[in-house]
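Please open the model in your viewer and keep the sequence panel beside it, since each stop on this tour begins with a selection.

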Amino acid sequence: MKSDVEIAQAADIRHINEIAEKLGLQPDQLEHYGKYKAKVNPADAFKLPKKQGRLVLVTAINPTPAGEGKTTVTIGLTDALNHIGKKAVVAMREPSLGPVFGIKGGAAGGGYSQVLPMEDINLHFTGDFHAIGAANNLLAALLDNHIYQGNALNIDPKRVLWRRVVDMNDRQLRNMINGLGKPTDGVIRPDGFDITVASEVMAVFCLSRDLADLKTRLGNILVAYTHDNQPVYAKDLKAQGAMAALLKDAIKPNLVQTIAGSPAFVHGGPFANIAHGCNSVLATRLAQHLGDYAVTEAGFGAD
């Protein structure tokens, strides 16, 4: 029996323009990342005739280390609907490099229910997660620099809530002390790293309707408390504009395809055990706008 990798590599992958044509999108409405991946500007896509497709949610209970098969069922159901003459579009989460290199492995489906190009999607894809990590860590750097440069907001270094991120399983970085070294190397305080998909930036990224909405949500992130117990938000550090600038391309949903040639939006993906666990609202809305059925997945264990 062929492995998932062998099946994906033997598949007849179509040019992304052919997949976009099924949705009514023209090549000049795509931002191409090679032959088989593209970003779609929602402002262009929402100008097309609205279908208001029915939304189908796939989830599961009792999570296991190897997963439950939500992605595989989501992709297979989309292919089945298209096979019987419906116009179905899948919207699903991007894989995190942590699980990809951990016990769970990739998150592009399995068997003949996979999205392509599987290797690209499971690795760096179009760079969305790197942009989200950069935005998260920019906020951390601005916060620490504010404390070092005089701390006008009176932030308590021991009550900083905002942590840095890296998209990898690395337990050594969970808890640490930063600011060690010379006096110019910062203020010593407890810190740590989370995985990128656990960042609140990822969560608000996937809930945002557009770049302006994202900027507002970023500004409302709670990052610390002052010595007199007052909340400090990202907007108090004037961080939201620079963070949004880092995400201006990432916020555009990614268009790829299933092995059977069904259109697939793969975009965003906050962990479901600490956040809402869905792909971006934009990707789901695009799937509904352009298809008769939008099939999506959500959850970690939905019991």
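Two strands are said to pair here if DSSP finds at least two bridges between them, and strands themselves are DSSP runs of at least two residues, numbered from the N terminus. Keep in mind throughout that this is a predicted model.

**First stop: strand β14 and its partners**

Select residues 254-258, which make up strand β14, and then add residues 38-40, which are strand β2; these two strands pair in the antiparallel sense over 2 bridges. Within that pairing, A38 has L255 of β14 as its bridge partner. Next add residues 113-116, strand β6, which runs antiparallel to β14 and is joined to it by 2 bridges; here L116 has Q257 in β14 as its bridge partner. Finally, bring in residues 263-266, strand β15, which pairs with β14 in the antiparallel sense over 4 bridges, with N254 standing opposite V266.

If you follow the chain from β14 to β15 you pass through a hairpin with 4 residues between the strands, and in its turn G261 has a positive phi of about 95°.

How many of the residues of β14 are buried? The strand is mostly covered, with 5 of its 5 residues buried.

**Second stop: T258**

Now select T258, which has its place in strand β14. Is this residue buried or exposed? Its relative accessible area is 0%, and because buried means under 20%, T258 counts as buried. Leaving aside residues up to four places away in sequence, T258 touches I75, D79, V90, Q114, V115 and L116.

**Third stop: strand β6 and its hairpin**

Show the side chains of β6. In a regular strand the side chains alternate between the two faces of the sheet. In β6, S113 and V115 point one way while Q114 and L116 point the other way, and all are buried. Add residues 109-110, strand β5, which pairs with β6 in the antiparallel sense over 2 bridges; G110 has S113 in β6 as its bridge partner. The hairpin of β5 and β6 has 2 residues between the strands, and G111 in that hairpin takes a positive phi near 60°.

**Fourth stop: an open sheet**

Move to the sheet in which 3 strands lie in the order β7-β12-β13, an open arrangement with antiparallel pairing. Strands β7 (155-160) and β13 (231-233) stand at the edges, each with a single partner strand, so one side of each is left without a neighbour in the sheet. From one strand to the next, the twist averages 50°. To see one of the pairings, select β7 together with residues 222-226, strand β12; the two are linked in the antiparallel sense over 2 bridges, and I155 has T226 in β12 as its bridge partner. Helix α7 packs on this sheet, where it touches β7 and β12, and the direction of α7 makes about 135° with that of β7.

**Last stop: helices α7 and α8**

Select residues 128-148 for helix α7 and residues 200-207 for helix α8, whose axes come within 9 Å and cross at roughly 120°. The two helices are therefore oblique to each other, and their crossing is right-handed. To inspect the contact, display F129, I132, A135 and N136 in α7, which meet V201, M202 and F205 in α8. By class, this contact has 6 nonpolar residues, 1 polar residue and no charged ones.

Key: Residues numbered from 1 in each chain as written. Predicted model: local features only at pLDDT ≥ 70, side-chain atom pairs only at ≥ 80, totals over all residues. Heavy atoms only, no water. Buried < 20%, exposed > 50% of the residue type's maximum accessible area, 1.4 Å probe, protein only. Axes fitted to C-alpha atoms, helices over the stretch in contact; angles between N-to-C directions. Parallel < 35°, antiparallel > 145°, perpendicular 65-115°, else oblique. Left-handed = near helix turned anticlockwise from the far one by under 90°. Contact = heavy atoms within 4.5 Å. Nonpolar A, V, L, I, M, F, W, Y, C, P; charged D, E, K, R; others polar.
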